Amino acid sequence: MTTTLGRTVRLAAMLAGTAVMTALATVTAGAAGVDKALHNALPENYRKDGVNVAVFNDWPPDEFVENGELKGWSVDMAKAMSERLGVPFKFEPTSFEIIIPGLASKRFDAGFSSFGVTAERLEVLDFIPQRKEGTGYAFLKGKGFKIEAEKDLCGHSVALLTGAWDFQYLTKVSAEQCDKAGLKPIDLQQFTTQNAAELAVSSGRVEIVAAGSAKLAYVAKQTGKYDMASLVSNAVYNGIGVRKGDPLGPALKGALQAMMADGSYKEILDKWGVGSTGTLDKAVLATKADPNP
């Protein structure tokens, strides 16, 4: 059931995303980079009207808004794909929890939000993985927590983003590795924004923040406030979400493969400091029938 507060948070996030989208220019493809075969394979509605793209607004260095500008390595990839396909991508920065329902309702055509590709999400979406990444853990400098295995999380409080796959995964870890061993469970606390989750740790209200390992490494480097645990859990594909069976999925896969072939894929990742781990050498389309292509 949706609470009044939940509806208010969703509405505020939607309005904020719309306001930022209005300030951004629609990215129109440059003819010089168009792959005619990929362009012609798109349905007429995409060739005529472009692609409505939801972008997570709070996940640096992947996708985020800074001073009214949409940034990140995944955003740079989206722009490059727009050029390859020869169609404009119309971006709407928004909160994470709005994107999957927005894809299902056809408000959006693609979600650039570093989705972890999970069995649950494959029930409703297909995915074009951009990287492989696991859950990382960060805590305030000086705390000295020894988090070397998942059982070391037992008894600790952990902040996570609402709707992130890390929550479902760590709920299972707590039941299987803490409860069954007679240890204190992991105190999982969800926050509606990643910034709020990190603030809970930096203010001392929660001990550890869990999120994508590359994202937390970026935050730790940028702020100097956090130490990273050596543990990285449950590495999975993460990437772009599209509706099941939508021809846009194979087209985005083809655009990504072309970028891998000419080196621009790696150049974008290196530019944002995430090109040393988790990179892919082949573009794939992950579906319910073929989750690990």
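The largest pocket has 17 residues in its lining, and Ile100, Glu120, Arg121, Gly163 and Gln168 sit nearest its centre. Everything here comes from a predicted model, where local features need pLDDT of at least 70, side-chain atom pairs count only at pLDDT 80 or more, and totals for chains, interfaces and linings use all residues. Residues are numbered from 1 along each chain as its sequence is written, and side-chain values use heavy atoms, with hydrogens and water left out.

A pocket, on a 1 Å grid over the protein atoms alone, is an open set of points with protein on both sides within 12 Å along at least five of seven lines, whereas a cavity is a set of points where a 1.4 Å probe fits but cannot get out; lining residues have an atom within 4 Å of a point. Grid points are joined across faces, edges and corners, and the volume is the space filled by probe spheres set on the points. On that basis the largest pocket holds about 380 Å³ of space. Helix H5 (96-104) and helix H6 (165-179) each bring at least two residues to its lining, with H5 giving the largest share, four residues. Helices (H or I, at least four residues) and strands (E, at least two) are DSSP runs numbered from the N terminus. Sorted by class, this lining comes out as seven nonpolar, six polar and four charged residues. For that sorting, Ala, Val, Leu, Ile, Met, Phe, Trp, Tyr, Cys and Pro count as nonpolar, Asp, Glu, Lys and Arg as charged, and the others, Gly among them, as polar.

Ile100, one of the residues nearest the centre of the largest pocket, belongs to helix H5. Its relative accessibility is 23%, so Ile100 counts as partly exposed; the scale runs from buried (under 20% relative accessible area) through partly exposed to exposed (over 50%), using a 1.4 Å probe and protein chains only. Leaving aside neighbours within four places in sequence, Ile100 is in contact with Phe115, Arg121, Val124 and Leu125, contact being heavy atoms within 4.5 Å. Ala110 lies 10 residues from Ile100 in sequence, and their C-alpha atoms are 9.4 Å apart.

Next comes the second largest pocket, with about 230 Å³ of space. Its lining has 14 residues, and Asp58, Pro60, Asn195, Glu198 and Lys215 are nearest the centre. Strand S3 (63-66), helix H7 (194-202) and helix H8 (213-223) each chip in at least two lining residues, and H8 has the largest share with five. The class split here is five nonpolar, five polar and four charged residues.

As for closed spaces, a search of the whole structure turns up one cavity of 30 Å³ or more. The largest cavity holds about 160 Å³, and of its 17 lining residues, Trp59, Ser114, Gly116, Trp165 and Asp166 are closest to the centre. Strand S6 (110-116), S7, H6 and strand S12 (233-243) each supply at least two residues of this lining; S6 gives the most, four. Eight of the residues lining the largest cavity are nonpolar, six polar and three charged.

The largest nonpolar core takes in 70 residues, with Met81, Leu85, Phe89, Phe112 and Leu252 having the most contacts inside it. Such a core is a set of buried Ala, Val, Leu, Ile, Met, Phe, Trp, Tyr and Cys residues joined through side-chain atoms within 4.5 Å. Neighbours within four places in sequence aside, Met81 touches Phe89, Phe112, Ile240, Leu252, Ala255, Leu256 and Met259. A second, separate core of 20 residues includes Ile147, Val158, Leu160 and Cys178. In soluble globular proteins, nonpolar side chains tend to be buried together.

Leu42 sits in the loop between helix H2 (36-41) and helix H3 (44-49), and is buried at 2% relative accessibility. With neighbours within four places in sequence left out, its contacts are Arg47, Leu85, Val87, Leu248 and Ala251. Leu42 and Leu252 are 210 residues apart along the chain, yet their C-alpha atoms are separated by 9.9 Å.

Finally, the model has one disulfide, defined as a pair of cysteine sulfur atoms within 2.5 Å. The partners are Cys154 and Cys178, with sulfur atoms 2.0 Å apart. The pair links distant parts of the chain, 24 residues apart: Cys154 is in the loop between strand S7 (125-140) and strand S8 (157-161), Cys178 in helix H6. The disulfide is left-handed because the torsion about its S-S bond is about -85°. Cys154 is buried at 14% relative accessible area, and Cys178 is buried at 0%.
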